[in-house]
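Thanks for making the time this morning. I would like to take you through the empty spaces in this protein and then its cysteines, so please have the sequence and the structure open as I go.

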Amino acid sequence: MIDTHMHITMEEFDKDRERIVGEFEEIGMKCAIEVGYDIESSERAAFFAQEHEKVYAAVGIHPHDAEKAKDDWREKISALLHQSKVVALGEVGLDYYRDLSPRSVQKEVFGEQLKLAQSLNIPLIFHVRDAYEDVRKIVKDYNVSGVVHSFNGSEEDAKEFVKMGFYIGVGGIATYKKNTALREIISHLPLERILTETDCPYLSPQPVRGKRNEPKNVRFIIEMLSQLFNKSFAEIESQTEKNAQKLFGICS
């Protein structure tokens with residue numbers, strides 16, 4: 001199993017993050033990616049990855065934090081991207097649902113990070129909410145790869161991103177009882193373009209909904225995909241691991 005999107009350096013895990021990561025081998029977790037969303041969390045992610053063999057890091061400025069980013073954010077993110085276990089730029093993108101930063105600022109910061117990813121040839125982790133069309137329009141101008149984290153768009157959105165060469169991140173929201181339409185969309189995608197994630201401590205899968213999410217719960221995503229694609233747990237696990245290894249160069 002690989003969790004391609006976790007936030008285990010958040011305060012929700014202050015009491016037990018070392019135990020959780022220490023149990024990765026025991027529970028069959030090959031590795032996981034700790035994802036930043038501003039300078040401070042990105043620095044924590046990069047440091048945590050250096051300290052733990054099975055953890056990698058992604059660094060970037062989330063659309064929520066775009067307006068708060070200081071003038072030197074580009075230099076700081078660029079420096080972090082050159083660290084050995086930092087494997088992606090993220091999470092970055094556009095969020096028109098909460099609009100915590102002005103859309104013009106979100107687009108500006110997103111564009112700057114796309115330029116950076118292109119120049120360094122490093123994959124991106126996209127955060128997209130109610131902004132799939134704009135993200136597609138913007139990304140088409142860049143030669144970049146990446147994953148659409150916690151996908152919750154339309155079938156057209158999914159197919160267009162796959163056509164552009166991107167991966168689709170599948171997490172807890174796809175397991176919720178009401179999200180039959182999302183599961184139907186996922187079932188029509190190439191398994192070779194799907195990544196498993198938790199987004200912990202958020203978005204706990206249906207079997208543990210209401211509790212703090214943890215990396216180990218990625219198994220519930222694999223179980224759901226197993227049902228959708230009519231394949232064994234081991235087959236889904238193997239393919240999604242290969243997908244993550246191919247995109248991020250991790251767990252080799």
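**Pockets, a cavity and the cysteines**

Let me start with the second largest pocket, which holds about 220 Å³ of space, and please keep in mind throughout that what we are looking at is a predicted model. The residues lining this second largest pocket are Asp38, Ile39, Glu40, Asp65, Lys68, Ala69, Lys70, Asp72 and Lys76, and by class they divide into two nonpolar and seven charged residues, with no polar ones.

The largest pocket, to which I turn now, has a volume of about 730 Å³. Its lining is made up of 23 residues, and those closest to the centre of the pocket are Asp95, His127, Arg129, Asp199 and Leu203. If we ask which strands contribute, β4, residues 86-95, and β5, residues 124-129, each supply at least two residues of that lining, and it is β5 that gives the largest share, namely three residues. By class, the lining of the largest pocket has eight nonpolar, eight polar and seven charged residues.

Besides these open pockets, there is one cavity of 30 Å³ or more, and the space inside it comes to about 50 Å³. Around this cavity we find Arg19, Ile20, Glu23 and Ile27, together with Glu214, Pro215 and Lys216, so that, going by the class of each residue, the cavity lining consists of three nonpolar and four charged residues and has no polar ones.

That brings me to the cysteines, where the count is one disulfide. It joins Cys31 and Cys251, whose sulfur atoms are placed 1.5 Å apart in the model, and the link is left-handed, with -65° about the S-S bond. Which parts of the chain does this pair tie together? Cys31 lies in strand β2, residues 31-35, whereas Cys251 lies in the segment after α10, residues 233-248, and the pair therefore connects parts that are 220 residues apart in sequence.

Are these cysteines buried or exposed? Cys31 has 1% relative accessibility and counts as buried, and Cys251, at 16%, also counts as buried, because the cut-off for that class is under 20%. Finally, Cys200 takes part in no disulfide, and the nearest cysteine sulfur to it, that of Cys31, is 14 Å away. Cys200 is buried as well, with a relative accessibility of 0%.

Methods: Residues are numbered from 1 along each chain as its sequence is written. This is a predicted model: local features need pLDDT of at least 70, side-chain atom pairs count only at pLDDT 80 or more; totals for chains, interfaces and linings use all residues. Side-chain values use heavy atoms; hydrogens and water are left out. On a 1 Å grid over the protein atoms alone, a cavity is a set of points where a 1.4 Å probe fits but cannot get out, and a pocket is an open set with protein on both sides within 12 Å along at least five of seven lines; lining residues have an atom within 4 Å of a point. Grid points are joined across faces, edges and corners, and a volume is the space filled by probe spheres set on the points. Helices (H or I, at least four residues) and strands (E, at least two) are DSSP runs, numbered from the N terminus. A disulfide is a pair of cysteine sulfur atoms within 2.5 Å. Buried means under 20% relative accessible area, exposed over 50%, partly exposed in between (1.4 Å probe, protein chains only).
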